[in-house]
Amino acid sequence: MPRTTFAVTAAVVAFAFCLAGGLVLLANTGFKLFDDDGPWGAIGLYFIGKAVFVGAMLVLNSGGTKGPNQPTA
């Protein structure tokens, strides 16, 4: 498996696990962020945000796709 394919696969797996973890935490709190379970809901939102930004960063750093400021050749 080429290095960039492995890196993109790892980025997708990291995105999926972070998103799933955040959704599980939010679902377990019943989406009540201002109750006693509020800190767990906040951690769930953190993991969802982490999935979006870290997954995209890993894909861009893998070299598998070109970012907006990278040369095409």
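Biologist: Among contacts in the protein between residues at least 6 apart in sequence, what percentage join residues at least 24 apart?

Modeller: This is a predicted model, and what follows describes that model. Contact here means heavy atoms within 4.5 Å. Taking the contacts between residues at least 6 apart in sequence, the share that joins residues at least 24 apart is 53%.

Biologist: How many helices and strands does the secondary structure of the protein come to?

Modeller: One helix is H1, which covers residues 3–29, and another is H2, which covers residues 38–62. For the protein, the secondary structure comes to two helices and zero strands.

Biologist: Why does the distance between the end C-alpha atoms of helix H2 agree with its expected span?

Modeller: Helix H2 has 25 residues, and the expected span is 1.5 Å times one less than that number of residues. The calculation therefore gives 36 Å, and the end C-alpha atoms of H2 agree with it, being apart by 36 Å.

Biologist: Is Thr-29 buried or exposed, and which residues does Thr-29 touch?

Modeller: Thr-29 lies in helix H1, and a residue is called buried when its relative accessible area is under 20%. At 7% relative accessibility, Thr-29 therefore counts as buried. Leaving aside residues up to four places away in sequence, Thr-29 touches Asp-37, Trp-40 and Gly-41.

Biologist: Which residues of H2 are buried?

Modeller: Of the 73 residues of the protein, 19% count as buried, and the cut-off for this is a relative accessible area under 20%. In H2, the buried residues are Gly-38, Gly-41, Gly-44, Ile-48, Ala-51, Gly-55 and Ser-62.

Biologist: Is Phe-53 buried or exposed?

Modeller: Phe-53 is found in helix H2, and together with Phe-15 and Val-52 it makes a nonpolar surface patch of about 320 Å². Exposed means over 50% relative accessible area. Because its relative accessibility is 65%, Phe-53 counts as exposed.

Biologist: How are the rings of Tyr-46 and Phe-47 paired?

Modeller: A pair of aromatic rings is described by the distance of the centres and the angle of the planes. Rings pair if their centres lie within 6.5 Å, and planes over 60 degrees apart count as edge-to-face; by this rule the count comes to one aromatic pair. The ring centres of Tyr-46 and Phe-47 are 5.5 Å apart and their planes are at 75 degrees, so the pair is edge-to-face.

Biologist: Which residue just after H2 takes a positive phi?

Modeller: Helix H2 covers residues 38–62. Just after H2, a positive phi of about 85 degrees is taken by Gly-63.

Notes:
Residues numbered from 1 in each chain as written. Predicted model: local features only at pLDDT ≥ 70, side-chain atom pairs only at ≥ 80, totals over all residues. Heavy atoms only, no water. Helix = DSSP H or I, 4+ residues; strand = E, 2+ residues; numbered from the N terminus. Buried < 20%, exposed > 50% of the residue type's maximum accessible area, 1.4 Å probe, protein only. Phe/Tyr/Trp six-rings, centres within 6.5 Å; stacked < 30°, edge-to-face > 60°. Patch = residues over 30% accessible without salt bridge, like charges linked within 9 Å, V, L, I, M, F, W, Y side chains within 5 Å. Areas by Shrake-Rupley, 256 points an atom, 1.4 Å probe, with all protein chains shown as cover. Salt bridge = Lys/Arg side-chain N within 4 Å of Asp/Glu carboxyl O.
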